[in-house]
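The following exercises concern a single protein chain. Please examine the sequence and the structure before reading the solutions.

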Amino acid sequence: MAGHSQFKNIMHKKGKADAIRSKLFSKLAREITVAAKLGLPDPAMNARLRAAVLAARAENMPKDNIERAIKKASASDTENYEGVRYEGYAPGGVALIVEALTDNRNRTAGEVRSYFTKAGGSLAETGAVSFMFDRVGSITYDRKIASDDAMLEAAIEAGADDVVSEDEEHEIITSIESLREAQKALEAKFGEPRKAAIVWRPQNTISVDDETGEKILRLINTLEENDDVQTVSANFEVSETLLAKMEG
C-alpha cells in the first residue's frame with residue numbers, strides 16, 4: 001500500500017499543522033488511555049500501551065500529555081471507549097479496513113458509512129475484505145539506523161519474518177505472537193524503534209488510475225479526520241504523477 005503511506009507523508013508535509021497535530025494528539029491520547037485501562041498502566045508490562053506510547057513519541061507528543069493520558073485511565077469519570085472495525089470498498093474495488101475507538105457506536109458507524117457513500121464506495125459486512133490482508137506485527141526504524149543487510153540479519157536473528165527497506169525507513173514484519181520478543185531483541189541492538197504495532201498488511205495491491213486514486217485518497221483523508229478513527233488500511237497503489245499533484 002505504498003500509495004497510502006506516501007499520501008500520509010504528503011499530508012504531514014502540507015501540514016495543516018496545528019489543527020492536524022491537535023487532532024492527532026487527541027487520537028494518540030485516546031489509544032494510550034484505552035490501552036492503560038485494559039492492562040497495566042506500565043508500558044514495560046503492557047505491550048499495547050508501549051506501542052501507543054511509541055507512536056506518541058514518534059509524533060513528538062509532549063511527555064506531560066502522555067503521562068496525563070495514562071493517569072486518565074484510572075479516573076472514575078473516564079469515557080468508556082470500545083474498539084470497532086469497519087470494512088468496505090472504495091472506488092475501483094479497493095478494500096479498506098477502518099479501525100476506531102468510540103463512545104458511541106451508532107454515531108461512528110453512521111459517519112463512516114456516509115463517507116464511503118459520498119466517495120462512491122460502500123461499507124460491507126465484517127470479514128468481507130479482511131481476508132485480503134494479513135494481521136501482523138510491524139516494527140519501524142529510520143533508514144539511517146542500519147544498512148539493509150545489517151537490518152535484515154538482525155531481524156532474522158530476532159525471529160522476524162521479513163524486512164521491507166524503503167527510502168526513509170526499514171519495516172520489520174513479524175507474527176503477532178513474536179512481535180514483543182522481536183521488538184525487545186531489536187531494541188537491544190538499535191535502540192527504540194519509531195513505531196511498533198499490530199497492523200493490517202495487504203496480501204496484494206491494486207493499481208488504480210489517477211482519477212480513481214484521487215477519490216480513494218480523499219476518502220482516506222476524510223476518514224482520518226474523524227475523531228474516532230484510529231487507523232485506515234487499504235490495498236492500492238497510485239502513480240507518482242498523482243502523488244506529486246496531491247503534494248503540490
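**Exercise 1: the surroundings of Glu31**

Leaving out residues up to four places away in sequence, Glu31 touches Arg48, Ala52, Leu101 and Gln230, where contact means heavy atoms within 4.5 Å. The model is predicted: local features need pLDDT of at least 70, side-chain atom pairs count only at pLDDT 80 or more, and totals for chains, interfaces and linings use all residues. Residues are numbered from 1 along each chain as its sequence is written, and side-chain values use heavy atoms, with hydrogens and water left out.

Task: state where Glu31 lies and whether Glu31 is buried or exposed.

Solution. Step one: Glu31 belongs to helix H2 (residues 17-38); helices are DSSP runs of H or I with at least four residues, strands runs of E with at least two, numbered from the N terminus. Step two: Glu31 is buried, because its relative accessible area is 18% and buried means under 20% (exposed over 50%, partly exposed in between; 1.4 Å probe, protein chains only).

**Exercise 2: the largest nonpolar core**

Task: determine which element gives the largest share of this core.

Solution. Step one: the largest nonpolar core (buried Ala, Val, Leu, Ile, Met, Phe, Trp, Tyr and Cys residues joined through side-chain atoms within 4.5 Å) has 25 residues. Step two: the elements giving two or more residues to this core include strand S1 (82-89), helix H5 (105-118) and helix H8 (210-225). Step three: H8 supplies the largest share, 5 residues. Step four: Leu223 is among the residues with the most contacts inside the core; beyond its neighbours within four places in sequence, Leu223 contacts residues including Leu96, Val112 and Phe116.
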